[in-house]
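I am opening a notebook on a structure I have not looked at before. The entries record what I looked up, in the order I did so.

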Amino acid sequence: MIPFEREFPLAAARARIEAALADHGLRWRATVHGEALHATLVELFDAEGRPLCTGVGKGDAETALVGGLFEAFEHHLALHDACSAHHVLTPAARVPQGLGKAIDALLAEQPESSMACRVYADFFHGGAALYPLALARPTYIDDPAPGDDFDYASLRRYACNSGTAIGSTPTEASLHAMNEAIERDDVSHFLRAHFHDRDDEALRVVDRRTVERDIERLWSLAERELGQDAILLDISSHKSAHTFLAFAPTCPHPVHVYGSGSSARASHGMRRALSELVQMHVMAQVAPAVANDLIRAELRLRPWPRLHRACVADLPARFDAARRQHVTPRNTASAGSVAAQLSQGMRGLRDEGYSPLVHTIHCRHGDIALCQVLVPGFEHYHIVGHGNLVVPSFPIRRASHARYA
């Protein structure tokens with residue numbers, strides 16, 4: 001059986017990723033955590049055994065392993081391999097506006113400075129657009145290209161590789177990159193509304209009695225792994241995709257961890273959110289580096305109360321204080337091809353007034369593909385959860401409730 005949003009059965013996908021890792025001279029080691037649901041940590045090493053990077057997969061045993069292999073290779077390619085550093089040098093003044101008022105303002109401060117830019121193609125008409133490489137490849141800032149004289153000191157805090165995803169084919173990678181971009185935008189607006197602004201928007205709580213049987217089973221498995229209840233919120237604001245956020249009532253860390261997921265199929269978005277919630281709890285428990293990152297993030301933003309609230313994300317307190325609306329999200333996608341799902345999602349973004357852009361970072365014949373989807377106008381406030389000193393850059397977007405009619 002071919003999983004939803006995938007182009008190959010799980011066994012074939014594993015064969016492809018293992019072949020790609022071997023072709024690149026990479027070795028791997030997997031460590032399984034969790035019992036009811038797994039969080040599998042995959043470590044990559046070069047031929048001499050030097051550690052390179054890691055990835056984490058989630059779900060049942062085989063799904064978590066394959067997911068971890070793909071994610072580890074994604075991190076290697078996206079942050080460390082030369083394929084993700086391809087660029088053209090251009091004056092900052094030539095970079096189009098649209099990444100948010102804060103980023104636009106920082107670029108405007110150095111209009112004549114040359115900066116490395118990634119070349120994106122408009123998904124629909126193929127026109128080229130240039131945007132700073134540093135914003136999509138944070139590691140670039142520490143090793144800029146010759147001739148790049150832009151001062152990245154202030155821009156650095158907005159850098160993240162959000163919207164970058166790996167897949168067995170370029171189409172599959174682009175679909176997952178698009179869904180991740182939507183997910184991060186929705187999480188950003190959720191954090192803005194409920195913690196940064198503390199407005200009166202209701203929390204949309206998924207009515208557990210109405211979910212599909214396999215989601216109810218997964219929900220129960222997640223709770224068994226967590227040792228407590230799991231609460232699932234619908235935080236969608238785009239009509240072409242459902243985005244969910246899952247959290248537990250208690251969390252031993254200064255930043256309340258959560259899981260999120262976005263998909264055209266509501267049940268798949270719920271699956272991703274619940275599985276990621278378990279992954280986040282497990283990794284924060286077994287990996288000291290993860291727990292230490294949460295401590296540092298909370299400490300860093302204490303001087304800025306609104307940013308600190310959004311970073312800490314005290315979801316149980318917000319759940320108790322906010323108005324609640326119980327919802328039954330409806331699936332809006334059939335089991336169409338990956339290409340059809342991608343086209344449907346991109347058309348939905350275009351209908352909302354966005355112009356989605358795509359950049360293929362890595363793609364060789366018969367090899368794994370890595371793509372990035374960039375949507376000018378999307379919010380990146382979600383990185384406040386990493387302790388980044390960032391500000392919201394766009395007017396807050398209210399959710400559409402038409403999907404519940």
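The entries below cover a helix, a pocket, the cavities and three single residues.

**Before starting.** I note that this is a predicted model.

**Entry 1: helix α11.** I began with α11, which runs over residues 338–351 and has 14 residues. From its first C-alpha to its last I find 20 Å, close to the 20 Å expected at 1.5 Å a residue. Next I asked which residues of α11 are buried. They are Val338, Gln341, Leu342, Gly345, Met346, Gly348 and Leu349. These buried residues cover an arc of only 155 degrees around the axis, so they sit on the same side of α11. I then looked for what they pack against, and found α5 (170–196), β13 (357–362) and β14 (369–374). After the helix comes Gly353, and its phi is positive, near 100 degrees.

**Entry 2: the second largest pocket.** I looked up its volume, which is about 210 Å³. The lining consists of Gly34, Glu225, Leu226, Gln228, Thr250, Pro252, His253, Val278, His281, Val282, Gln285 and Val286. Two or more of these residues come from each of α6 (213–226) and α7 (266–286). Which element gives the most to this lining? It is α7, with five residues. By type, I note five nonpolar residues, six polar and one charged.

**Entry 3: cavities.** I turned to the enclosed spaces. How many cavities of 30 Å³ or more does a search of the whole structure find? It finds four. I followed up the largest cavity, which holds about 220 Å³ of space. Its lining has 21 residues, and those nearest the centre of the cavity are Leu135, Ser162, Gln372, Leu374 and His380. At least two lining residues come from each of β6 (128–132), α4 (133–136), α5 and β14. I had already met α5 and β14 as elements that the buried residues of α11 pack against. The lining of the largest cavity divides into 14 nonpolar residues, four polar and three charged.

**Entry 4: His33.** I located His33 in strand β1, which spans residues 27–33. Is His33 buried or exposed? Its relative accessible area is 19%, and buried means under 20%, so His33 is buried. Leaving aside neighbours within four places in sequence, I list its contacts as His38, Ala39, Val282, Met283 and Val286. Among these, Val282 and Val286 also appear in the lining of the second largest pocket.

**Entry 5: Ser168.** I found Ser168 in the loop between β7 (164–167) and α5. Its relative accessibility is 2%, so I enter Ser168 as buried. With neighbours within four places in sequence left aside, Ser168 is in contact with Phe8, Ala13, Arg16, Phe70, Asp367 and Ile368.

**Entry 6: Ala322.** Where is Ala322 found? I place it in the loop between α10 (315–321) and β12 (324–327). Ala322 counts as buried because its relative accessibility is 12%. I also checked Ala322 against Arg198, which is 124 residues apart from it along the chain. The C-alpha atoms of Ala322 and Arg198 are separated by 9.5 Å.

Notes:
Residues numbered from 1 in each chain as written. Predicted model: local features only at pLDDT ≥ 70, side-chain atom pairs only at ≥ 80, totals over all residues. Heavy atoms only, no water. Helix = DSSP H or I, 4+ residues; strand = E, 2+ residues; numbered from the N terminus. Expected span 1.5 Å × (residues − 1). Buried < 20%, exposed > 50% of the residue type's maximum accessible area, 1.4 Å probe, protein only. Arc of directions from axis to C-beta. Contact = heavy atoms within 4.5 Å. 1 Å grid on protein atoms, 1.4 Å probe; cavity = no way out; pocket = protein on both sides within 12 Å on 5 of 7 lines; lining within 4 Å. Points joined across faces, edges and corners; volume = space filled by probe spheres on them. Nonpolar A, V, L, I, M, F, W, Y, C, P; charged D, E, K, R; others polar.
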